[in-house]
Amino acid sequence: MFPTSFEYHRATSVAEAVAMLGEHPDAKILAGGHSLIPAMKLRLAAPAMLVDLTRVAELKGVTLGDGVATIGAMTTYDELRFAEGIADAFPAIPEAINVIGDQQVRAHGTIGGALAHNDPAADLTAVFLALGGRVEVAGSSGPRTIDGEDLFVDLWTTSLEPDDIITRVILPLAADGARSAYRKHAHPASGYAVVGVAVAIEAAGGVVSKASIVVTGATSKPTHAAAAEAALAGKAFDADSLAAAVSIAADGLEINGDPYASEEYRSQLIKVLTRRALEAAMSR
Ligand SMILES: Cc1cc2nc3c(=O)[nH]c(=O)nc-3n(C[C@H](O)[C@H](O)[C@H](O)COP(=O)(O)OP(=O)(O)OC[C@H]3O[C@@H](n4cnc5c(N)ncnc54)[C@H](O)[C@@H]3O)c2cc1C
């Protein structure tokens, strides 16, 4: 199907894009287009105008410094996974990107688009939350920061206002090294996560000071496996604490079922993938 007709505007700065969104309430941002364009072709979205950010240079790039990684929202998956220092600081990022879609999707999809779209089966949303990320946003009411814990509201819904643009994604660098990992069971037809699990563990001196375990695919939005996180906190990061956390990884989660994967199957996958992700993190 063809999309409904729309106007197209190529922005050259964030200020120009914010102004366009303010003047045209039915406009939408176009980033990589790999979620928005398919939705328009299915007529699930029918914006009157697209404001294209692909030529906005200030939204590109990755830097590490002052205890954080700063990632421009229009940085593509490929640019991000190969950016200097990213794989060392956040092993979960290339692990997730390597299993997103195909090469065309990875060449065009952007981190800002992935977070703003908040597909319930997206991969980077879970990684971003597990890593304790936040986003910087520009909008008609001025710049502000949204903590990752406040960004994802429900299926395909975020706390962004209609004229908000994610400008940068900020990820804190772990104090004691990089114990993060991502494991996914992909749907064989779509490649999206039936279940994905992102973990980020801080364990200075072998004792877990911070455990973040986030599930995607099984829940309406990326969600902390809070019972498993609590089981690890303050414990030695070893086989016993790992097994205890895995056994209750699905507890307390509102898990969705569908004809392809029942709630029970997804619950089991959460445990299996939590174990694999924690074992990978432990080996780092
Ligand atoms: C064949 C195929 C397979 C895929 N497989 C996977 C997969 O396995 N895992 C996965 O996670 N994803 C998958 N995707 C989705 C892909 O990751 C998308 O690229 C991503 O979800 C959206 O990023 P985008 O840059 O393409 O955003 P767009 O499609 O351009 O935009 C998506 C939405 O976000 C808004 N938006 C974009 N950028 C911003 C911004 N900076 N600020 C505010 N709003 C913004 C847009 O207005 C739109 O509403 C797949 C897509 C395709 C086509």
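Helices (H or I, at least four residues) and strands (E, at least two) are DSSP runs, numbered from the N terminus. What is open in your viewer is a predicted model, in which local features need pLDDT of at least 70 and side-chain atom pairs count only at pLDDT 80 or more, while totals for chains, interfaces and linings use all residues. Residues are numbered from 1 along each chain as its sequence is written.

**The whole protein**

Begin with everything selected: the protein has twelve helices and 14 strands. Its radius of gyration (taken over C-alpha atoms) is 19 Å, close to the 19 Å that the globule rule (2.2 Å times the number of residues to the power 0.38) gives for 284 residues, so the protein is as compact as a globular protein of that length. Along the principal axes, the C-alpha atoms fill a box of roughly 60 × 45 × 35 Å.

**The domains**

Next, colour domain 1 (7-51), domain 2 (62-172) and domain 3 (179-282) separately; such bounds come from an automatic or database domain assignment. The C-alpha centres of domain 1 and domain 2 lie 19 Å apart, and the contact between these two domains (C-beta atoms, placed from the backbone, within 7 Å) takes twelve residues from domain 1 and 17 residues from domain 2. On the domain 1 side, select helix H1 (residues 14-23), which gives the most to that contact, with five residues.

**The ligand**

Now select the ligand and the 30 residues around it, where a residue counts as near if its C-beta atom, placed from the backbone, lies within 6 Å. Which residues come nearest to the ligand? They are Gly-32, Gly-101, Gly-109, Gly-112 and Gly-113. Helix H7 (111-117) is one of the elements that supply at least two residues of this shell, and H7 provides the largest share, five residues. Domain 1 and domain 2 both give residues to the shell, so the ligand lies between them.

**The nonpolar core**

Turn then to the largest nonpolar core, which has 87 residues; a core of this kind is a set of buried Ala, Val, Leu, Ile, Met, Phe, Trp, Tyr and Cys residues joined through C-beta atoms within 7 Å. Strand E12 (residues 193-202) gives the most to this core, with eight residues. Select Ala-198, one of the residues with the most contacts inside the core, and you will find that, not counting residues up to four places away in sequence, Ala-198 touches partners including Ala-92, Val-127, Tyr-182 and Ala-277.

**Two loops to compare**

Asn-118 is in the loop between H7 and helix H8 (124-130), and its phi is near 50 degrees, a positive value in a residue other than glycine. Is Asn-118 buried or exposed? Asn-118 is buried, with 22 other C-beta atoms within 10 Å, since a residue is buried at 20 or more, exposed at 12 or fewer, and partly exposed in between, with C-beta atoms placed from the backbone.

Asp-66, in the loop between strand E4 (62-65) and strand E5 (68-72), also has a positive phi, near 55 degrees, but Asp-66 is exposed, with 8 other C-beta atoms within 10 Å.

**A last stop**

Finish at Pro-143, in the loop between strand E6 (134-138) and strand E7 (144-147), where 13 C-beta neighbours inside 10 Å make Pro-143 partly exposed. Leaving aside neighbours within four places in sequence, Pro-143 is in contact with Glu-136, Val-137 and Ala-138.
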